[in-house]
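Q: Hi! Could you walk me through this one while I have it open on screen?

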Amino acid sequence: MKAIKWLMTGVLALSLTACASYYPVAVDVQPTVDAKGGVYRGQAISLSSQDKRKNDYIIQIEQNNKAPVVVGASNNIKVQMEQALAQGFSNQGAFIEQGSPTQIQLELEEVLARVIRGHISYDVVQQLRMQLVLKRDGRTITKQYRRSAQAEFPGRLHPELDKVKDAVNEQLTLMLKDMLNDRDVQQFIGAQ
């Protein structure tokens, strides 16, 4: 009897592990930048970033009667966003120079795609919140950015995480575009 109990416990543990291991631990996040030149005339800016998110994962998969499965980013999302923003400002004509009097801090507050299982498909609900804090000569302005999107992907057993990852990358790319095209940010930097 004890042998059967141990065998059943082992089989149950393996089956639970198999379900959770279907998903990767992390996915590759790479926002892209499409910024045109001619916005700045060589103004110097200092750029930094801070990750203020409550969770370090970016995808949460929710299925009926099961614990949620979380998937993180394989690369540091804060660094990815800071580098992409720096590339965008550089493309627009600004110079990234640490110690510059014009300081910009990117703060990540939320980057999450919730994957919710339906009957024959998965709904992906994305929420992104970030802000830029710009400082120079005692002046500070804070600009908040929010993006939300919802999509439906087919899938009976498991959601296709490549599609979810692409949707997250698209929203991060659009968020960068919002920041780089923000007239208040452009005026603040350009008024040096």
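Q: Let me start with D182: is it buried or exposed?
A: Happy to help, and keep in mind that this is a predicted model. D182 is buried, with a relative accessible area of 11%.

Q: And which side chain does D182 meet in a salt bridge?
A: That would be K143, with an N to O distance of 3.4 Å. K143 lies in strand 8, while D182 sits in the loop between helix 3 and helix 4 (183-190), so the pair ties together parts that are 39 residues apart in sequence.

Q: Is K143 buried or exposed?
A: K143 counts as buried, at 19% relative accessibility. The cut-off for buried is under 20%.

Q: How many salt bridges are there by this rule?
A: The count comes to 9. One of the pairs is E107 with K52, at 3.3 Å from N to O. E107 belongs to strand 6 and K52 to the loop between strand 2 and strand 3, so this pair connects parts 55 residues apart in sequence.

Q: What about burial for E107?
A: E107 is buried, with a relative accessible area of 6%. Its partner K52 is partly exposed, at 43%.

Q: Which residue does R114 pair with?
A: R114 forms a salt bridge with E62, 2.9 Å from N to O. That pair links distant parts of the chain, since R114 is in strand 6 and E62 in strand 3, 52 residues apart. R114 itself is partly exposed, with a relative accessible area of 31%.

Q: Which residues are joined into one network by salt bridges that share partners?
A: Those are E109, E110 and R129.

Q: Strand 6 keeps coming up. How does strand 6 run relative to strand 7?
A: The two run antiparallel, and 14 bridges join strand 6 (residues 103-117) to strand 7. They form a hairpin with 3 residues between them. As for individual partners, Q103 stands opposite K135, and I104 has L134 as its bridge partner.

Q: What stands opposite Q103 on the strand 2 side?
A: S46 does. Strand 2 (residues 44-51) pairs with strand 6 in the parallel sense, over 6 bridges.

Q: How many bridges join strand 3 to strand 6?
A: There are 4, and strand 3 (residues 57-62) runs parallel to strand 6. In that pairing E62 stands opposite I116. You met E62 above, in the salt bridge with R114.

Q: Moving along to strand 7: how many of its residues are buried?
A: Strand 7 (residues 121-136) is mostly covered, with 12 of its 16 residues buried.

Q: And how does strand 7 pair with strand 8?
A: In the antiparallel sense, over 16 bridges. These two also make a hairpin, with 2 residues between them. The turn includes D137, which has a positive phi of about 50°.

Q: Which residue in strand 8 is the bridge partner of Y122?
A: F153 is the bridge partner of Y122. You'll find F153 in strand 8 (residues 139-154).

Q: Is F153 buried or exposed?
A: F153 is buried, with a relative accessible area of 17%.

Q: What is F153 in contact with, leaving aside neighbours within four places in sequence?
A: F153 is in contact with S121, Y122, V124, K163, V164 and A167. Two residues on that list, V164 and A167, are among the buried residues of helix 3.

Q: How are the C-alpha atoms of F153 and G118 placed?
A: They are separated by 9.9 Å, and the two residues are 35 residues apart along the chain.

Q: Now helix 3: what should its 20 residues span?
A: At 1.5 Å a residue, helix 3 (residues 161-180) should span 28 Å. Its end C-alpha atoms are 28 Å apart, which agrees.

Q: Which residues of helix 3 are buried?
A: The buried residues are L161, V164, A167, V168, N169, Q171, L172, M175, L176, M179 and L180. As background for reading that list, an α-helix has 3.6 residues a turn, so residues three or four places apart point the same way.

Note on methods
Residues are numbered from 1 along each chain as its sequence is written. This is a predicted model: local features need pLDDT of at least 70, side-chain atom pairs count only at pLDDT 80 or more; totals for chains, interfaces and linings use all residues. Side-chain values use heavy atoms; hydrogens and water are left out. The expected span of a helix is 1.5 Å times one less than its number of residues. Buried means under 20% relative accessible area, exposed over 50%, partly exposed in between (1.4 Å probe, protein chains only). Contact means heavy atoms within 4.5 Å. Two strands pair if DSSP finds at least two bridges between them. A salt bridge is a side-chain nitrogen of Lys or Arg within 4 Å of a carboxyl oxygen of Asp or Glu.
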